[in-house]
Amino acid sequence: MGKSKKKRNKKYAGVDAKQTDNVMRVHRVAAVVRSPLQQWLHEHRKLVRRGAIAVAIVAVVVFIIVQAFIV
């Protein structure tokens, strides 16, 4: 197989290029009233999810080890 050509990662800036200077960007924001605990959970969602997965894996491994010694 021949050498693959590098893909272009530079934006085209020629005469007929799409103008991005006057593009309006819309960001949707929803104002929600949360308790301090809910706000913390919302901000640290990835950390909480990864921690829960780690705790679940450890619990399953401990359960399997305990069951192996009981039988």
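Aspartate 16 is exposed, with a relative accessible area of 64%, and this residue belongs to the segment that comes before α1. In this predicted model, the C-alpha atom of aspartate 16 is separated by 60 Å from that of alanine 59, a residue that stands 43 positions away along the chain. A second pair of residues can be read in a similar way: histidine 42 and glycine 14 are 28 residues apart in sequence, and their C-alpha atoms are 44 Å apart in space.

These distances can be set beside the dimensions of the whole chain, whose C-alpha atoms fill a box of roughly 75 × 55 × 10 Å when the box is taken along the principal axes. The secondary structure of the chain amounts to two helices and zero strands. The radius of gyration is 26 Å, well over the 11 Å that the globule rule gives for 71 residues, and the chain is therefore more spread out than a compact globule. As for burial, where a residue must have under 20% relative accessible area to count as buried, buried residues make up 1% of the 71 residues in the chain. The chain exposes about 7900 Å² in total, and carbon and sulfur atoms supply 63% of that area.

The helices themselves lead to the nonpolar part of the surface, where Leu37, Trp40, Leu41, Leu47 and Val48 make a patch of about 470 Å². Both α1, which covers residues 36-43, and α2, which covers residues 45-70, supply at least two residues each to this nonpolar patch, although the largest share, three residues, comes from α1. One of the patch residues, leucine 41, has its place in helix α1, and leucine 41 counts as partly exposed because its relative accessibility is 37%, a value that falls between the 20% limit for buried residues and the 50% limit for exposed ones. Histidine 42 also lies in helix α1, and with a relative accessible area of 35% histidine 42 is likewise partly exposed.

The surface also carries a charged feature, since a positive patch is formed by Arg34, Arg45, Lys46, Arg49 and Arg50. Among these residues, arginine 50 is found in helix α2, the helix that spans residues 45-70 and also supplies at least two residues of the nonpolar patch. Arginine 50 has a relative accessible area of 60%, and so this residue is classed as exposed, the class that requires over 50%.

Definitions and conventions. Residues are numbered from 1 along each chain as its sequence is written. This is a predicted model: local features need pLDDT of at least 70, side-chain atom pairs count only at pLDDT 80 or more; totals for chains, interfaces and linings use all residues. Side-chain values use heavy atoms; hydrogens and water are left out. Patches are made of residues with over 30% relative accessible area and no salt bridge: like charges are joined within 9 Å, nonpolar side chains (Val, Leu, Ile, Met, Phe, Trp, Tyr) within 5 Å. Accessible areas come from the Shrake-Rupley method with a 1.4 Å probe; for residues, only the protein chains shown count as cover. A salt bridge is a side-chain nitrogen of Lys or Arg within 4 Å of a carboxyl oxygen of Asp or Glu. Helices (H or I, at least four residues) and strands (E, at least two) are DSSP runs, numbered from the N terminus. Buried means under 20% relative accessible area, exposed over 50%, partly exposed in between (1.4 Å probe, protein chains only). Lys and Arg count as positive and Asp and Glu as negative; His and the chain ends are not counted. The place of a charge is taken as NZ of Lys, CZ of Arg, CG of Asp or CD of Glu. The radius of gyration is taken over C-alpha atoms; the globule rule is 2.2 Å times the number of residues to the power 0.38.
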